[in-house]
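I opened the model to look up a few points of its fold and surface. My notes follow in the order I took them.

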Amino acid sequence: MKNEKAVVVFSGGQDSTTCLFWALEQFSEVLAVTFDYGQRHAQEIDHAKRIAETLGVTLQVLDMGLINQLSANALTRDSIEVEEQKDGPPSTFVPGRNLLFLSFAAIYADAFGARHLVTGVSETDFSGYPDCRDTFIRSLNVTLNLSMDKQFVIHTPLMWLDKAGVWELSDELGAFEFVQTETLTCYHGIPAAGCGTCPSCVLRNQGLQTYLSKKEGAKF
């Protein structure tokens with residue numbers, strides 16, 4: 001893979017930034033693509049641009065406003081509370097998001113002669129999102145290849161990692177401090193450690209504490 005190109009689906013958050021660092025070690029040329037779908041924490045686009053510029057990665061921002069028109073959820077409507085649901089995915093689930101993002105990422109990749117796609121989805125800490133599961137990614141990979149007559153490979157470096165594992169990977173990549181201070185994961189648009197109370201921040205910060213405890217324990 002060292003002599004091949006890859007496109008990273010990038011949001012400027014913890015997971016996708018870790019994947020970006022991972023891709024930079026795996027491939028000779030890395031491009032990034034992010035999506036403007038009218039998300040309530042639109043600051044993530046600015047973070048994505050800033051991170052890509054810092055790392056010297058070309059970033060393409062694609063207009064996906066149609067998602068906002070079609071889907072009412074906590075990430076596209078300020079009036080909907082960020083909360084878990086007793087039945088079904090949390091209110092932050094955006095139906096079809098990863099299906100569309102990866103499909104357009106493949107089209108973008110094809111234009112640049114890249115066949116590798118990298119995304120930060122995880123079945124271990126998938127927050128109830130059905131489009132973060134391994135079966136979906138494998139199915140979509142086949143569908144993309146059939147629909148475009150290509151041989152794309154979708155890479156999911158975080159698929160079997162919990163958040164502590166993601167922190168550990170970022171540390172192994174020499175990106176721990178960068179990910180900790182420069183990324184935006186919070187549903188309320190607060191960078192770094194975030195608001196501390198939304199589901200995304202709780203997951204991120206619990207994982208951080210678990211990893212730091214593990215790391216500290218390994219010293220003894």
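Entry 1. I am working with a predicted model. I started from leucine 100 and found this residue in helix α4, which covers residues 97-111.

Entry 2. Is leucine 100 buried or exposed? I read a relative accessible area of 31% for leucine 100, so I noted this residue as partly exposed; buried would have required under 20%, and exposed over 50%.

Entry 3. I then looked for nonpolar surface around leucine 100. Leu100, Phe104 and Ile107 make a nonpolar surface patch of about 240 Å².

Entry 4. I turned to the sheet and asked in what order its strands run. I wrote down β3-β2-β1-β4-β5 for the 5 strands of this open sheet, and the pairing is parallel. At the edges I found β3 (58-63) and β5 (153-155); each has a single partner strand, so one side of each lacks a neighbour in the sheet. I noted an average turn of 25° between neighbouring strands, direction ignored.

Entry 5. I checked one pair of strands in detail. Strand β1 (residues 5-9) pairs with strand β2 (residues 29-36) in the parallel sense, over 5 bridges. For lysine 5, I found glutamate 29 in β2 as the bridge partner.

Entry 6. Which strands does helix α1 touch? Helix α1 (residues 14-26) packs on the sheet and touches β1, β2, β4 (116-118) and β5. I noted about 175° between the direction of helix α1 and that of β1.

Entry 7. I looked last at helix α5, residues 134-148, which lies across β4 and β5. Helix α5 runs at about 155° to β5.

Definitions and conventions:
Residues are numbered from 1 along each chain as its sequence is written. This is a predicted model: local features need pLDDT of at least 70, side-chain atom pairs count only at pLDDT 80 or more; totals for chains, interfaces and linings use all residues. Side-chain values use heavy atoms; hydrogens and water are left out. Patches are made of residues with over 30% relative accessible area and no salt bridge: like charges are joined within 9 Å, nonpolar side chains (Val, Leu, Ile, Met, Phe, Trp, Tyr) within 5 Å. Accessible areas come from the Shrake-Rupley method with a 1.4 Å probe; for residues, only the protein chains shown count as cover. A salt bridge is a side-chain nitrogen of Lys or Arg within 4 Å of a carboxyl oxygen of Asp or Glu. Helices (H or I, at least four residues) and strands (E, at least two) are DSSP runs, numbered from the N terminus. Buried means under 20% relative accessible area, exposed over 50%, partly exposed in between (1.4 Å probe, protein chains only). Two strands pair if DSSP finds at least two bridges between them. Axes are lines fitted to C-alpha atoms, for helices over the stretch in contact, and angles run from 0 to 180 degrees between N-to-C directions. Contact means heavy atoms within 4.5 Å.
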